[in-house]
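This briefing is meant for a reader who is meeting the structure here without earlier knowledge of it. Please look over the sequence and the model before reading the points that follow.

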Amino acid sequence: MDTQAEAKPKALVVDDERHRHDLLGWQLESHYDVHHAYGAQEALEAMKTNRYAHVSLDHDLGVDPATGATNPTGKDLSAAMAGLPADHKPPSVRIHSWNHGGAIAMKKDLEAAGYPAVVYSPADA
């Protein structure tokens, strides 16, 4: 009998607000090994070095507390995700932003780039 637990697939939560990380991490942790990124660049680097089964994205990623500069948005991230190698494109993406216009633009970017399952669901984030 194999006593080692099977490794969970990885999920990445991208948001600038800690309470969203707490909530989404809690929702995902029973099915995924949850990783966290607080900005677009951090998320893109994580996606380049890991294979995620699921990514949950916000659009409005706030201000960098160290510099006061506005962070790139989720729209910037979704456009950059189009350039990821096929084996690093997560098969499941959820956009959890309340910014409807930004979320729809992100969804279009990801679908055009061949992401198979992109869901926009602001109400439960």
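Once neighbours within four places in sequence are left aside, Ala69 is in contact with Val63 and Asp64. This description rests on a predicted model, in which Ala69 is found in the loop between strand 3 and helix 3.

**Ala69 and its surroundings**
- Ala69 has a relative accessible area of 39%, and because this value lies between 20% and 50%, the residue counts as partly exposed.
- The C-alpha atoms of Ala69 and Lys10 are separated by 30 Å, and these two residues are 59 residues apart along the chain.

**Helix 3**
- At the N-terminal end of helix 3, Thr73 acts as a cap, with a side-chain oxygen that lies 3.2 Å from the backbone nitrogen of Lys75.
- The residues Gly74, Leu77, Ser78 and Met81 of helix 3 are buried, and they are on the same side of the helix because they cover an arc of only 100° around its axis.
- The cover over the buried residues of helix 3 includes strand 1, helix 2, strand 3 and helix 4.

**The nonpolar cores**
- The largest nonpolar core has 23 residues, and those with the most contacts inside it include Leu57, Leu77 and Met81.
- At least two residues of this core come from each of several elements, among them strand 1 (10-14), helix 3 (74-81) and helix 4 (100-112), while helix 2 gives the most, with five residues.
- Not counting residues up to four places away in sequence, Leu57 touches several residues, including Val14, Leu77, Met81, Met106 and Leu110.
- A second, separate core of six residues includes Val13, Leu28, Tyr32 and Val34.

Notes. Residues numbered from 1 in each chain as written. Predicted model: local features only at pLDDT ≥ 70, side-chain atom pairs only at ≥ 80, totals over all residues. Heavy atoms only, no water. Core = buried A, V, L, I, M, F, W, Y, C linked by side-chain atoms within 4.5 Å. Buried < 20%, exposed > 50% of the residue type's maximum accessible area, 1.4 Å probe, protein only. Helix = DSSP H or I, 4+ residues; strand = E, 2+ residues; numbered from the N terminus. Contact = heavy atoms within 4.5 Å. Arc of directions from axis to C-beta. Polar contact = N/O pair within 3.5 Å; in protein donor to acceptor, adjacent residues only side chain to side chain.
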